[in-house]
Amino acid sequence: MAQRTEASTTGRTHRLVPSPAGRTHVVEQGSGPLVLLVHGFPESWYSWRHQLPALAAAGYRAVAMDVRGYGRSSHPTEIGAYRLHELVEDTLALVEGLGESSAVVVGHDWGATIAANSALLHPEIFRAVGLMSVPYAPWTGPRPSDVFAQMGGDGEFYVSYFQEPGRTEAEVEPDVRGWLAGFYAGLSADTMPSDDVSSFYFVKQGEKLSDGFPVGRRPSWLTDEVLDVYAGEFERTGLTGGLNRYRNMDRDWEEFADWRGAPLSQPSLFIGGSEDASIGWLADVIAAFPTTLPGLVGSHILPGRGHWIQQEAGDEVNDLLLDWLAGL
């Protein structure tokens, strides 16, 4: 399949690149060394809208992808098509399809996991790795589903909730825009629940995840225009592709058995928000960075910021990212 490009008035170029699943949609800006940006759930290339122009202005070829199952990228129907190995192969094919031999890969949320494991499996291609909100955790410990089942809290952990096919989709479908707005608000520093944080992450029996969303609050970063973009995409595609990532966690744990405990040796960067619950839950993982990320250049926890770090703190993230890239 030949690449198809579409120019935009913003200086960004939309492009379709061949992938193992069919196609990967990317948005590109600038020229120079390739920086590949990988989003998380439930986002799209658009979550890097603040980074694309900053990277381009600094002399980089910034490319933000729609991960498999999102946006205009291919949407395989099989759950197994969203295994981590498959998503790593997409990043590898993307570098080749863009005519490059190497890249710096930067990911947020699930994109951080994809970025880290792309660097783990293909260090000859991914020469440095930036991680946002989700730190690198080597493949160790018990089966993920067993861990989630034992997590404390009044109800079922949200990851377990997501793992049942069709369950979350049925909850989201009547009001995609409202569900997304509530999910984003629940993980944003200025709107997340303050009285009972567990109500957002643990679903009580007989209730829905959205029953724990903040009511009547919109994060400052989530303007009508931004929400329109996300809602428009997911009203068109649904969320199954993104949710299928959660449904492969045990399979990934089995398939990465040969990489148990493996560190990432490339130059690395971590950025998180002080109000992101993941930072607290994974404090031990972050503390282990001297062993697990021996090439770590900087680890930054931004005060007063939540999970959507590159959208909540675009300028701060850009400064840290550009300083790190300049030193590579």
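Helix H3 is largely enclosed by the rest of the structure, because twelve of its twelve residues are buried. That comes from a predicted model, so keep this in mind as you read on. Beyond the helix, there are charged pairs to look at: a search of the whole structure turns up 18 salt bridges.

**Helix H3 and its surroundings**

- H3 covers residues 110–121, and its twelve residues reach 17 Å from the first C-alpha to the last. That is close to the 16 Å expected at 1.5 Å a residue.
- The buried residues of H3 include Trp-110 at the start of the list, along with Asn-117, Ser-118 and Thr-113. Ile-114, Leu-120 and Leu-121 are among the buried ones too, as are Gly-111, Ala-112, Ala-115, Ala-116 and Ala-119.
- What sits over these buried residues? Among the strands, the cover includes S4 (34–38), S6 (103–108) and S7 (126–132).
- Helices take part as well: H2 (84–97), H10 (240–246) and H11 (249–255) are included in what covers the buried residues of H3.

**Glu-28 and its two arginine partners**

- Glu-28 pairs with Arg-15 through a side-chain salt bridge, at 3.0 Å from N to O. Here Glu-28 belongs to strand S3 (residues 22–29) and Arg-15 to strand S2 (residues 13–19), so the link joins distant parts of the chain, 13 residues apart.
- Glu-28 also forms a salt bridge with Arg-61, where the closest N and O atoms are 2.6 Å apart. Since Glu-28 lies in S3 and Arg-61 in strand S5 (residues 61–65), this pair ties together parts that are 33 residues apart in sequence.
- Are these residues buried or exposed? Glu-28 has a relative accessible area of 9%, so it counts as buried.
- Both arginines are buried as well: Arg-15 has 15% relative accessibility, and Arg-61 has a relative accessible area of 12%.

**Other charged contacts**

- Arg-167 and Glu-164 make a salt bridge too, with 3.6 Å between the closest N and O atoms.
- Arg-167 is partly exposed, at 26% relative accessibility, and Glu-164 is partly exposed with a relative accessible area of 42%.
- Which residues are linked in a network of salt bridges? Arg-68, Arg-83, Glu-86, Asp-90 and Glu-255 are.
- As background, side chains of opposite charge can pair when their charged atoms come close.

Technical notes:
Residues are numbered from 1 along each chain as its sequence is written. This is a predicted model: local features need pLDDT of at least 70, side-chain atom pairs count only at pLDDT 80 or more; totals for chains, interfaces and linings use all residues. Side-chain values use heavy atoms; hydrogens and water are left out. A salt bridge is a side-chain nitrogen of Lys or Arg within 4 Å of a carboxyl oxygen of Asp or Glu. Helices (H or I, at least four residues) and strands (E, at least two) are DSSP runs, numbered from the N terminus. Buried means under 20% relative accessible area, exposed over 50%, partly exposed in between (1.4 Å probe, protein chains only). The expected span of a helix is 1.5 Å times one less than its number of residues. Contact means heavy atoms within 4.5 Å.
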